[in-house]
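Please look over the structure shown below with its sequence alongside. The paragraphs after it lead through selected helices, side-chain pairs and loops.

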Amino acid sequence: MLPINYRHLIAFIAVSRQGSFTQAAAHLHVTQSTLTATIKQLESQTGIQLLDRTTRRVHLTQAGERFFPVAERLVSDFDAALSDLKASALQQQGSVSLAASASVVSTLLPNVIAQYRQDFPNVAMTIIEEGASGIESGVDDNRADFGIGSNHSNQPTLHYTPLIKDQYGVVLPQDHPILDQNPTLINPSDITSFPQIFLTKDNGIRLQLDEYLQQWPTISKRAAVEATTPATLASLIKSGMGVSILPALAASTSAFTELTFVPLDQPDMYRELCLITRRGRSLSPAGEELMRRVIELLKDITLPPGVEKAAHLLI
């Protein structure tokens with residue numbers, strides 16, 4: 001037996017409204033014989049007569065009267081769902097979410113986000129500002145369509161595509177004595193005599209930095225103050241409490257405008273920021289479009305000193 005489908009419901013509704021097979025067939029642009037066969041299939045599947053045929057007009061049976069509003073609702077719900085899918089495909093509605101650090105959001109994404117909102121004003125957008133582990137978990141548990149962050153824990157459910165290499169450097173007040181010789185690079189051992197200000201250990205930058213600085217233990221031991229956010233850390237440096245080591249992108253945010261960033265002469269001290277997606281999950285049209293625009297932006301944008309594009313972005 002053939003299952004009842006959309007075609008059967010449309011045929012039943014048309015005949016019920018028109019009260020005539022001839023008029024309903026013309027309305028649906030099918031032959032009368034095809035329409036009659038469709039109604040017979042519907043009645044065969046339901047096991048009950050839905051229409052009374054007379055020489056002049058077709059009438060609903062009691063069963064047909066009960067079924068008619070149900071059929072209308074089913075068709076209406078299906079049409080509405082289909083319209084929603086089409087609207088989402090055309091990005092006339094829907095939603096998209098992106099997880100990234102505050103430094104990525106503030107330095108790399110404002111223009112692409114603004115342009116996307118202008119082109120697709122009916123798509124709801126959510127920007128989730130998180131640290132490295134939060135970005136990964138946001139993508140992994142579907143709170144974010146995709147993320148931009150470090151490969152913090154190499155989750156097997158996630159796919160990491162390198163985007164940029166973010167060199168570590170020293171952040172200092174503009175009048176710091178180290179800058180008297182206008183250095184283009186600084187060795188970590190050159191700042192061991194100065195108080196250090198670091199982010200707290202729950203921050204992905206700090207965790208990676210501690211691994212790098214194991215060869216300079218005096219730096220870690222001389223940590224004078226710890227800050228929970230880069231903005232607070234910048235304020236402490238401006239007040240003259242010490243210097244800090246940060247990735248170039250983090251040090252290029254507005255909080256650091258009155259400070260100086262000098263890269264370390266250790267080329268292997270960097271963080272790699274990746275495009276993070278969930279393996280085996282397709283993005284919505286809105287997610288695909290935003291991700292495409294982010295990648296195109298990174299190909300064209302001039303990055304801050306100390307930040308390099310991944311090889312595939314240079315092609």
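What follows is a walk through a predicted model, beginning with a pair of helices and ending with two loop residues.

A convenient place to begin is helix α1, which spans residues 6-18, together with helix α3, which spans residues 32-46; the two pack at an angle of about 110°, and their axes lie 9 Å apart. Since angles of 65 to 115 degrees count as roughly perpendicular, α1 and α3 are therefore described as roughly perpendicular to each other. On the α1 side the contact is made by R7, H8, A11, F12 and V15, and on the α3 side these meet L35, T38, I39, Q41 and L42. Sorted by character, the residues of this contact of α1 with α3 comprise six nonpolar, three polar and one charged.

Helix α1 also holds S16, a residue that counts as buried because its relative accessibility is 18% and the cut-off for burial is under 20%. Once its neighbours within four places in sequence are set aside, S16 is in contact with L51, L60 and F68. The C-alpha atoms of S16 and L50 are separated by 9.5 Å, although the two residues are 34 residues apart along the chain. Within α1 itself, a polar atom of the S16 side chain lies 2.7 Å from the backbone oxygen of F12, and F12 is also one of the α1 residues that meet α3.

A second serine invites the same kind of reading. S103 lies in helix α5, residues 102-107, and with a relative accessibility of 10% S103 counts as buried. Which residues is S103 in contact with, leaving aside its neighbours within four places in sequence? They are L108, L249, A250, T253 and R271.

The charged side chains come next. Side chains of opposite charge can pair when their charged atoms come close, and in this model the count comes to 12 salt bridges. One of them joins the side chains of E72 and R17, with an N to O distance of 2.6 Å. This pair links distant parts of the chain, for E72 belongs to helix α4 (residues 62-89) and R17 to helix α1, 55 residues apart. The partners fall into separate accessibility classes: E72 is partly exposed, with a relative accessible area of 27%, while R17 counts as exposed at 55% relative accessibility.

Another salt bridge is formed by E226 with R206, whose closest N and O atoms are 2.9 Å apart. Here too the pair links distant parts of the chain, with E226 in strand β8 (residues 223-227) and R206 in helix α8 (residues 204-212), 20 residues apart. Is each partner buried or partly exposed? E226 counts as partly exposed at 40% relative accessibility, whereas R206, at 4%, counts as buried.

The salt bridge between the side chains of E296 and K299, at 3.7 Å from N to O, is a local one in sequence, as both residues lie in helix α11 (residues 285-300), three residues apart, or about one turn of the helix. An α-helix has 3.6 residues a turn, so residues three or four places apart point the same way. Both partners count as partly exposed, E296 at 34% relative accessibility and K299 at 29%. Elsewhere, salt bridges that share partners join D119, E289, R292 and R293 into one network.

Helix α7, residues 132-140, offers a view of how buried positions are covered. Its buried residues are A132, G134, I135, E136, G138 and V139, and what covers them includes β3 (95-100), β5 (146-150), β6 (158-173), α8 and β11 (270-278). Of these elements, α8 has already appeared as the helix that carries R206.

The last stop concerns backbone angles. Most residues other than glycine have a negative phi. After α7 comes N142, in the loop between α7 and β5, and N142 has a positive phi of about 70° although it is not a glycine. At 48% relative accessibility, N142 counts as partly exposed. The loop between β5 and β6 contains N154, where phi is near 50°, again a positive value in a residue other than glycine. N154 is exposed, its relative accessible area being 53%, which places N154 over the 50% cut-off.

How values were computed
Residues are numbered from 1 along each chain as its sequence is written. This is a predicted model: local features need pLDDT of at least 70, side-chain atom pairs count only at pLDDT 80 or more; totals for chains, interfaces and linings use all residues. Side-chain values use heavy atoms; hydrogens and water are left out. Axes are lines fitted to C-alpha atoms, for helices over the stretch in contact, and angles run from 0 to 180 degrees between N-to-C directions. Helices (H or I, at least four residues) and strands (E, at least two) are DSSP runs, numbered from the N terminus. Angles under 35 degrees count as roughly parallel, over 145 as roughly antiparallel, 65 to 115 as roughly perpendicular and the rest as oblique. Contact means heavy atoms within 4.5 Å. Ala, Val, Leu, Ile, Met, Phe, Trp, Tyr, Cys and Pro count as nonpolar, Asp, Glu, Lys and Arg as charged, and the others, Gly among them, as polar. Buried means under 20% relative accessible area, exposed over 50%, partly exposed in between (1.4 Å probe, protein chains only). A salt bridge is a side-chain nitrogen of Lys or Arg within 4 Å of a carboxyl oxygen of Asp or Glu. A polar contact is a pair of N or O atoms within 3.5 Å; within protein, one must be able to donate a hydrogen and the other to accept it, and residues adjacent in sequence count only if both atoms are side-chain atoms.
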